Amino acid sequence: MKPMVRFRVDFTAACSLGPGKIDLLESIQRTGSLRQAAQALGMSYRRAWLLLDGLNRSFTQPASTASIGGQGGGGVTLTPFGLEIIRSYRAAAQAIESAAQQELESIASKAVAAVQGEAPSARRKRLARSAAGAPEHE
């Protein structure tokens, strides 16, 4: 199994991009609908709406535009800036993944598949961070 790199970019305290928002934008691009995009990702409509609204408010240009329902139904369309967000993030992700694989190649083969006594499907718990971003101390 090759190492997988997931990253998030914090442009400002109020503006960040990560894999969840990018996946949502790509799903909107495929479906043309926020509800269908959320459903395809196993995400609640409310969560998807909050992510998209936050993304649209995080930059000086919106990532999407919405049309109100009617006979043909409403929908969501990505703006040229929304498409640029996807392209830029995916290009950076590919470069980062390539650099990480090259740099970590010597230790990747030493990674264990599962911790002894732990179910293989057990999800990893994320470490908590304080407001300043430093690890919390007990």
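**Helix packing, salt bridges and the β1–β2 hairpin**

Y89 lies in helix α4, which spans residues 80-108. The model described here is a predicted one. Y89 has a relative accessible area of 5%. This residue therefore counts as buried, the limit being under 20%. Leaving aside residues up to four places away in sequence, Y89 is in contact with F7, L17, G18, P19 and I22. One of these partners, G18, is 71 residues from Y89 along the chain. The C-alpha atoms of Y89 and G18 are nevertheless 8.3 Å apart.

Helix α4 also contributes to a salt bridge. R90, in α4, is paired with E26 in helix α1 (residues 19-31). The side chains of E26 and R90 meet at 2.8 Å, N to O. The two residues are 64 positions apart, and the pair links distant parts of the chain. The accessibilities of the two partners fall into separate classes. E26 has a relative accessibility of 18% and is therefore classed as buried, under the 20% limit. R90 has a relative accessible area of 32% and is partly exposed.

Four salt bridges are present in the structure. Another of them joins R57 and D53, with an N to O distance of 2.9 Å. Both residues belong to helix α3 (residues 45-58). They are four residues apart, so about one helical turn separates them. R57 is exposed, at a relative accessible area of 66%. Salt bridges with shared partners also connect D23, E26 and R90 in one network.

A further salt bridge is formed by the side chains of D10 and R8, again described by an N to O distance, here 2.8 Å. D10 is partly exposed at 48% relative accessibility. R8 is exposed at 55%. The limit for exposure is over 50%, so R8 passes it, whereas D10 at 48% does not.

D10 also has a place in the strand pairing. Strand β1 (residues 9-12) and strand β2 (residues 15-17) run antiparallel. Three bridges join β1 to β2. D10 stands opposite S16, a residue of β2. The connection from β1 to β2 is a hairpin of two residues.

Helix α3 was examined for its length and its faces. The helix has 14 residues. From first C-alpha to last, α3 reaches 20 Å, close to the 20 Å expected at 1.5 Å a residue. The buried residues in α3 are A48, L51, L52, L55, N56 and S58. These residues cover an arc of only 165° around the axis, and therefore lie on the same side of α3. The face turned away from this buried side carries the exposed residues R46 and R57. R57 thus appears twice, as a salt-bridge partner of D53 and as an exposed residue on that outward face of α3.

The buried residues of α3 pack against several elements. Two of these are helices, α1 and α2 (34-41). The others are the strands β2, β3 (64-67) and β4 (75-78). Two of the elements named here recur from the earlier paragraphs. Helix α1 holds E26, the partner of R90 in α4. Strand β2 holds S16, which stands opposite D10.

Notes. Residues numbered from 1 in each chain as written. Predicted model: local features only at pLDDT ≥ 70, side-chain atom pairs only at ≥ 80, totals over all residues. Heavy atoms only, no water. Buried < 20%, exposed > 50% of the residue type's maximum accessible area, 1.4 Å probe, protein only. Contact = heavy atoms within 4.5 Å. Pairing = 2+ DSSP bridges. Expected span 1.5 Å × (residues − 1). Arc of directions from axis to C-beta.
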